[in-house]
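Got the viewer open? Let's take a short walk through this one, picking things out step by step.

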Amino acid sequence: MTRPLRVRPITPEQHLAFLRTQPSASFLQTPAWGQVKNEWRNESVGWFEGDELVGAGLVLYRKVPKLDRYLAYLPEGPAIAWDAATLDDWLTPLRTHLKASHAFGIRMGPPVVRRRWHADTIKKALADDGLNTLGEVPADEADPAAEAVRDALVAAGWTPVPTTGGFSAGQPAFNFQLPLAGRTEDEVLAGMNQLWRRNIKKAAKNGVEVTRGTRADLADFHRVYVETAERDHFTPRPLSYFERMWDALTAEDPERLTLYLAHHEGDLVAATTLVRVGEHAWYSYGASTTEKRDVRGSNAVQWQMIRDALAAGATVYDLRGITDTISSDDPHRGLIQFKVGTGGEAVEYLGEWDLPINRVLHKAFTVYMGRRG
């Protein structure tokens with residue numbers, strides 16, 4: 001680095017222009033995501049070398065009750081040179097800026113991949129009753145550069161956020177991704193297991209039709225999503241959340257968010273949302289009805305999203321979080337079993353990291369949030 005880096009606020013337009021120069025960045029680091037998470041105060045920050053913008057991040061500020069102090073959170077970010085020889089050159093000015101903004105602590109999720117397990121490796125591990133977690137399975141790929149980042153974070157006083165099965169209170173360390181770079185539709189389909197291929201074919205034979213929806217269709221999506229939440233025992237987000245997500249993301253880029261609807265004989269049987277930033281596409285929300293599950297609308301809509309991601313030039317189709325469990329008696333095991341059928345790979349990121357600025361406030365806030373959970 002020829003000149004010291006400085007961090008200062010930037011406009012959403014500057015932030016978005018920088019992201020467009022990158023092959024990809026998490027959608028959680030786009031300026032629009034700050035509008036979606038309206039319960040947090042948000043700020044776009046930039047790293048400058050002289051007058052040149054060389055990095056960017058979305059900071060979400062969560063206020064401490066009754067105090068003018070904040071937790072500063074950069075989910076799946078920031079977008080900086082994580083492979084820099086001296087990572088502290090990037091993180092120290094961030095700390096300085098956030099401390100001046102009354103942050104008592106920082107949480108971030110470096111978009112750095114640590115290990116990868118290919119589909120065949122996962123299938124063999126699932127068949128081995130002696131294995132309980134992916135961590136016990138030798139990875140097909142391990143990146144020494146990621147370990148260097150980890151060591152640099154520890155040396156600078158950052159600590160990893162504890163997880164259970166790969167999940168923390170924020171973003172998951174383990175994700176499942178389908179590589180698309182240099183592949184055709186036929187090659188991707190051939191890489192899926194027999195059950196996935198059969199279900200995709202069955203959906204087509206049954207006459208399932210997948211179309212793109214509009215904002216007006218979000219209510220239909222939400223109806224099926226609430227049904228899914230009741231069936232799978234999770235708390236659904238309100239319709240207003242998805243309307244806000246639609247408005248913010250599509251205003252930033254008309255192709256940022258797409259709603260997919262799968263119908264069978266006029267009945268909505270499955271619906272999903274796809275988010276794309278550059279070469280990375282994410283399956284973000286999915287829903288299906290209990291009725292007519294046998295027509296395989298969920299497989300049909302996934303296949304259409306994968307095909308559209310390929311056509312848009314995406315190199316990765318991301319099925320988002322999984323736990324690292326492969327134990328036969330763990331209820332989360334089904335999630336990785338379903339996703340491995342795509343022929344993709346399990347990917348472990350470095351996870352989320354905390355840096356206390358005011359240790360007393362940081363500890364008190366951690367206890368407070370733990371009690372809420």
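This tour visits a pocket and then some salt bridges. Keep in mind as you go that you are looking at a predicted model.

**Stop 1: the second largest pocket**

Start by selecting S24, A25, P111, V112 and Y349. Of the residues lining the second largest pocket, these lie nearest its centre. In total, 43 residues make up that lining, and the space inside comes to about 930 Å³.

Now colour the lining by residue class. You should get 23 nonpolar, 11 polar and nine charged residues.

**Stop 2: the elements around the pocket**

Next, show the secondary structure. Which elements each supply at least two residues of the lining? There are five strands to pick out, β6 (113-118), β9 (174-179), β13 (280-288), β14 (316-321) and β15 (345-349), along with the helix α5 (144-155). Zoom in on β9: with four residues, this strand gives the most to the lining.

Keep β6, α5, β14 and β15 on screen, since the next stops come back to them.

**Stop 3: E76 and R320**

The model has 17 salt bridges by the rule used here. For one of them, select E76 and R320, whose side chains meet at 3.0 Å, N to O. E76 sits in the loop between β4 (70-74) and α3 (88-100), while R320 is in strand β14, so this pair ties together parts that are 244 residues apart in sequence. Is the pair buried or exposed? Both E76 and R320 are buried.

**Stop 4: R114 and its partners**

Move on to R114 and show E147 with it. Their side chains form a salt bridge of 2.7 Å, N to O. Here helix α5, which holds E147, is linked with strand β6, which holds R114; the two residues are 33 apart along the chain. E147 counts as partly exposed because its relative accessibility is 28%, and R114 is partly exposed too, at 22%.

Leave R114 selected and add E348. These two side chains also meet in a salt bridge, at 3.5 Å, N to O. This time R114 in strand β6 is linked to E348 in strand β15, 234 residues away in the chain. What about the accessibility of E348? Its relative accessible area is 7%, so E348 is buried, the cut-off for that being under 20%.

**Last stop: the network**

Finally, add R115 to the selection. With R114, R115, E147 and E348 shown together, you have a network linked by salt bridges.

Note on methods. Residues numbered from 1 in each chain as written. Predicted model: local features only at pLDDT ≥ 70, side-chain atom pairs only at ≥ 80, totals over all residues. Heavy atoms only, no water. 1 Å grid on protein atoms, 1.4 Å probe; cavity = no way out; pocket = protein on both sides within 12 Å on 5 of 7 lines; lining within 4 Å. Points joined across faces, edges and corners; volume = space filled by probe spheres on them. Nonpolar A, V, L, I, M, F, W, Y, C, P; charged D, E, K, R; others polar. Salt bridge = Lys/Arg side-chain N within 4 Å of Asp/Glu carboxyl O. Buried < 20%, exposed > 50% of the residue type's maximum accessible area, 1.4 Å probe, protein only.
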